[in-house]
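Biologist: I'm new to this one. Can you walk me through it?

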There are 2 protein chains.
Amino acid sequence: MNTNQLISEIQKKKSFLCIGLDVDLDKIPKHLLKEEDPIFAFNKAIIDATYHLCVSYKPNTAFYEAYGLKGWKALEKTINYLNENHPDIFTIADAKRGDIGNTSTMYAKAFFEDLAFDSVTVAPYMGKDSVEPFLAFEDKHTILLALTSNQGAFDFQTKTVDGKELYKQVLETSKTWKNSRNLMYVVGATKAEYLADIRNIIPDSFLLVPGVGAQGGNLQEVCKYGMADNVGLLINSSRGIIYASNGEDFAQVAAEKAKELQQEMQLILSQ
Amino acid sequence: MNTNQLISEIQKKKSFLCIGLDVDLDKIPKHLLKEEDPIFAFNKAIIDATYHLCVSYKPNTAFYEAYGLKGWKALEKTINYLNENHPDIFTIADAKRGDIGNTSTMYAKAFFEDLAFDSVTVAPYMGKDSVEPFLAFEDKHTILLALTSNQGAFDFQTKTVDGKELYKQVLETSKTWKNSRNLMYVVGATKAEYLADIRNIIPDSFLLVPGVGAQGGNLQEVCKYGMADNVGLLINSSRGIIYASNGEDFAQVAAEKAKELQQEMQLILSQ
C-alpha cells in the first residue's frame with residue numbers, strides 16, 4: 001500500500017484513526033477465554049465492528065510474543081484476516097526493531113514478507129545501516145521512532161546533540177537515507193507542542209501519533225500543530241477503544257468509542 | 001543465573017566466549033534441510049559440539065522471526081534444550097527490544113518467563129521507563145545497547161550530547177535506574193579504542209562484545225582495553241564459528257573455531 005492510497009482512504013472514510021490491537025488476556029472479556037484462540041477471536045470482533053471507522057490497525061508485537069507460539073499464531077491470523085478482508089487498511093507491526101544490516105534484513109523479511117504488514121516501527125539508535133534494509137522494500141513503510149509518548153523520552157531524545165535535540169537529529173539525518181520517501185515517524189501525542197518544530201523539518205511525512213486517550217494526549221492539539229496538507233497523521237488509540245468495555249458488548253462499545261474519535265476527525269478535516 | 005555464577009563458569013571453562021546462533025537456512029549445510037526442524041537440528045549439533053568451550057549462547061531473534069511460526073518454535077526448542085541440558089550456560093535473547101513501560105513488561109515476560117532466557121538485549125532510545133520493566137526481574141540481566149559494532153553507530157551514538165557522547169550519556173544515565181546492578185552493555189569489538197573510556201564509567205559491568213571475527217574486531221585489543229577485575233567480557237562470535245564449514249563436518253569445524261578462540265582466551269586469562 002503506498003502513501004497516496006492511504007491518503008485516499010483517509011479522505012473516503014473521513015478518518016485518520018489507527019486502532020492499536022494490544023491484546024492482554026487479563027483484560028479481554030472473560031467469555032472469550034473459552035474460545036480456541038481468544039486473542040484472534042478478540043481481534044476479529046474488534047475489526048468487524050470498527051473497520052469502517054479507521055484506516056489502520058496496529059498490533060504491538062510485545063503482546064503477542066508474551067504468549068509465545070500461540071501469540072505469534074494469533075498475530076499471523078490477525079494480519080491474514082486483515083489482508084484478506086480489508087486490503088485497503090494500512091497495517092502496522094509495532095515492533096520497534098533495529099539491528100545491524102544483515103539482521104535488519106531478516107526483521108524486514110519477517111514483517112514485510114512472512115507476515116505481509118504494510119509497515120513496521122523501527123528504533124533509530126543504531127543508525128543508517130540498521131534502517132535502510134527496511135526502506136529497501138517498495139510500497140512498504142518504515143516508521144522511525146522520533147519523539148515517543150513516554151516520560152523516558154526526556155532521557156535522551158530531547159537532549160541537545162551538536163546544538164539540536166536528538167529527535168531532530170534523527171529526523172534530519174534520516175531524510176538523507178536511501179529510499180527515505182518510505183519513512184514515517186512516531187511522535188507522541190503527549191508532546192503536541194513539539195509538533196510545529198517537527199513539521200518544519202518534515203512538512204509532509206506521515207506521523208504515527210500514539211498517546212491520545214489513555215496516555216493523556218489531546219487530538220485537537222495534535223491536529224493544530226501536526227496536520228499537513230496531505231493530513232499526514234495517523235492517530236492511534238488502543239486501550240481507550242478496545243478495553244472500553246469488558247462485557248459481552250465489548251465490540252459494540254469499542255465501535256462507539258472509535259466513532260467518537262472518527263467524528264471528531266471528520267469535523268477537523270472539514271475545517 | 002546471577003553474575004557470580006557467570007564469573008565462576010568463566011573461571012572454570014577458561015573461556016568468556018559467547019556463540020551467536022544466527023541461523024540462516026541459506027547458509028546451513030544442505031543435508032540438514034531434510035530434517036523436520038532444520039533450524040533446531042543445526043543449533044543442537046552446534047551446541048553439542050561447543051558447549052564445553054563457551055559460557056554463553058546468543059540466538060538473534062531476527063533470524064527466527066524471519067521464518068514465522070516454525071522459526072519461533074525452533075527458538076523455543078533451542079532455549080529449552082539449553083536450559084534442560086546446560087543450565088550453567090548464560091543465555092542471551094538478542095532481541096534489541098524496548099517500548100513504553102507496560103509494553104516493555106510484556107517483552108520482559110516473553111523472554112524471561114515464556115522463553116526463560118537469562119538475559120535480553122534492549123535498545124535505550126526510549127529511556128528509563130522502557131528499560132526498568134526488564135530490570136525488575138531478579139537474577140535476569142538486561143543488556144543495553146551502548147556502542148554498537150556497525151557503521152551506523154556513528155550516526156547518533158557517538159554524537160556529542162550536552163558535552164558528552166550519546167553512548168556515554170546512556171552508560172551514565174542507566175546507572176541511576178532502579179536495579180541497575182542487573183545491567184550489562186553491548187559494545188562492539190570494532191570500536192575497541194573506546195573501551196578504556198567506557199571502563200572509566202562502568203568499571204565492573206559485563207560487556208557483550210560482538211564484532212570479533214567476521215566484522216573485523218580484534219580479541220587482544222578488546223581485552224587490553226575492556227577487561228575488568230571480574231573479566232567482565234562476553235565475546236561473541238557468530239558467523240566465524242557456526243558457518244566455518246557448510247559440509248557434513250560443520251559441527252566439528254565449528255568446535256575447532258570455538259576452541260581457537262577459547263585457547264586465546266585461556267592465554268589472556270592466565271596473564
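Modeller: Let's start with a histidine. A:H141 is in strand β5 (residues 141-147) of chain A, and at 4% relative accessibility A:H141 counts as buried. Keep in mind that this is a predicted model.

Biologist: What does the side chain of A:H141 make a polar contact with?

Modeller: With the side chain of A:T3, at 2.9 Å.

Biologist: Which residues does A:H141 touch, leaving out those up to four places away in sequence?

Modeller: The list includes A:M1, A:N2 and A:T3 from the start of the numbering, and also A:F90, A:F112, A:D118, A:S119 and A:V120. A:N182 and A:M184 are on the list too.

Biologist: Switching topic. Which residue does UniProt list for "active site"?

Modeller: A:K96, and the listing comes from an unreviewed UniProt entry.

Biologist: Where is A:K96 placed?

Modeller: In strand β3 (residues 90-97) of chain A.

Biologist: Is A:K96 buried or exposed?

Modeller: A:K96 counts as buried because its relative accessibility is 7%, and the cut-off for buried is under 20%.

Biologist: Which residues does A:K96 touch, again leaving out those up to four places away?

Modeller: Residues of both chains. In chain A they are A:N60, A:T121, A:V122, A:A123 and A:L145. In chain B they are B:K96, B:G98, B:D99 and B:M126.

Biologist: And which side chain does A:K96 join in a polar contact?

Modeller: The side chain of A:D94, at 2.8 Å.

Biologist: What about the backbone, say phi of A:K96?

Modeller: Phi of A:K96 is near 50 degrees, which is a positive value in a residue other than glycine. A:N179 also has a positive phi, about 60 degrees, and is not a glycine either.

Biologist: Where does A:N179 lie?

Modeller: In the loop between α8 (166-174) and β8 (183-187) of chain A. A:N179 is buried, with a relative accessible area of 18%.

Biologist: Back to the two chains. How many residues does each give to the contact?

Modeller: Chain A gives 57 residues and chain B gives 56 residues.

Biologist: How much area is buried between chain A and chain B?

Modeller: About 4,900 Å², and carbon and sulfur atoms give 62% of that.

Biologist: Why quote an area at all?

Modeller: Because the size of an interface is often given as the accessible area lost when the parts come together.

Biologist: How many residue pairs are in polar contact across the interface?

Modeller: The rule finds 30 such pairs between chain A and chain B, with both residues at pLDDT 80 or more.

Biologist: Which helix of chain A gives the most to the side that touches chain B?

Modeller: Helix α5 (residues 101-114), with 7 residues. That side of chain A divides into 24 nonpolar, 18 polar and 15 charged residues.

Biologist: Now salt bridges. How many are there across the interface?

Modeller: The rule finds 4 across the interface of chain A and chain B, while the structure holds 25 over all chains. One that joins the chains is B:E65 with A:R97, where the closest N and O atoms are 2.9 Å apart.

Biologist: Which residue of chain B forms a salt bridge with B:E65?

Modeller: B:R97, with the closest N and O atoms 2.5 Å apart. B:R97 lies in strand β3 (residues 90-97) of chain B and B:E65 in helix α3 (residues 61-65) of chain B, so this pair ties together parts that are 32 residues apart in sequence.

Biologist: Are B:R97 and B:E65 buried or exposed?

Modeller: B:R97 counts as buried at 1% relative accessibility, and B:E65 counts as buried at 0%.

Biologist: Which salt bridge involves partly exposed residues?

Modeller: One is A:K164 with A:E172, at 3.1 Å from N to O. A:K164 is partly exposed at 29% relative accessibility, and A:E172 is partly exposed at 31%.

Biologist: What does B:K168 form a salt bridge with?

Modeller: With B:E165, the closest N and O atoms being 3.5 Å apart. B:K168 counts as buried at 12% relative accessibility, whereas B:E165 is partly exposed at 23%.

Biologist: Which residues are joined into one network by salt bridges that share partners?

Modeller: A:K58, A:D94, A:K96 and B:D99. A:K96 in that network is the residue that UniProt lists for "active site".

Notes:
Residues are numbered from 1 along each chain as its sequence is written. Chains are lettered from A and ligands numbered from 1 in the order in which they are written. This is a predicted model: local features need pLDDT of at least 70, side-chain atom pairs count only at pLDDT 80 or more; totals for chains, interfaces and linings use all residues. Side-chain values use heavy atoms; hydrogens and water are left out. Contact means heavy atoms within 4.5 Å. Buried area is the accessible area (1.4 Å probe) that two parts lose on being put together, summed over both. A salt bridge is a side-chain nitrogen of Lys or Arg within 4 Å of a carboxyl oxygen of Asp or Glu. A polar contact is a pair of N or O atoms within 3.5 Å; within protein, one must be able to donate a hydrogen and the other to accept it, and residues adjacent in sequence count only if both atoms are side-chain atoms. Helices (H or I, at least four residues) and strands (E, at least two) are DSSP runs, numbered from the N terminus. Ala, Val, Leu, Ile, Met, Phe, Trp, Tyr, Cys and Pro count as nonpolar, Asp, Glu, Lys and Arg as charged, and the others, Gly among them, as polar. UniProt positions are given in the numbering used here, feature names are shortened, and annotations may be inferred rather than shown by experiment. Buried means under 20% relative accessible area, exposed over 50%, partly exposed in between (1.4 Å probe, protein chains only).
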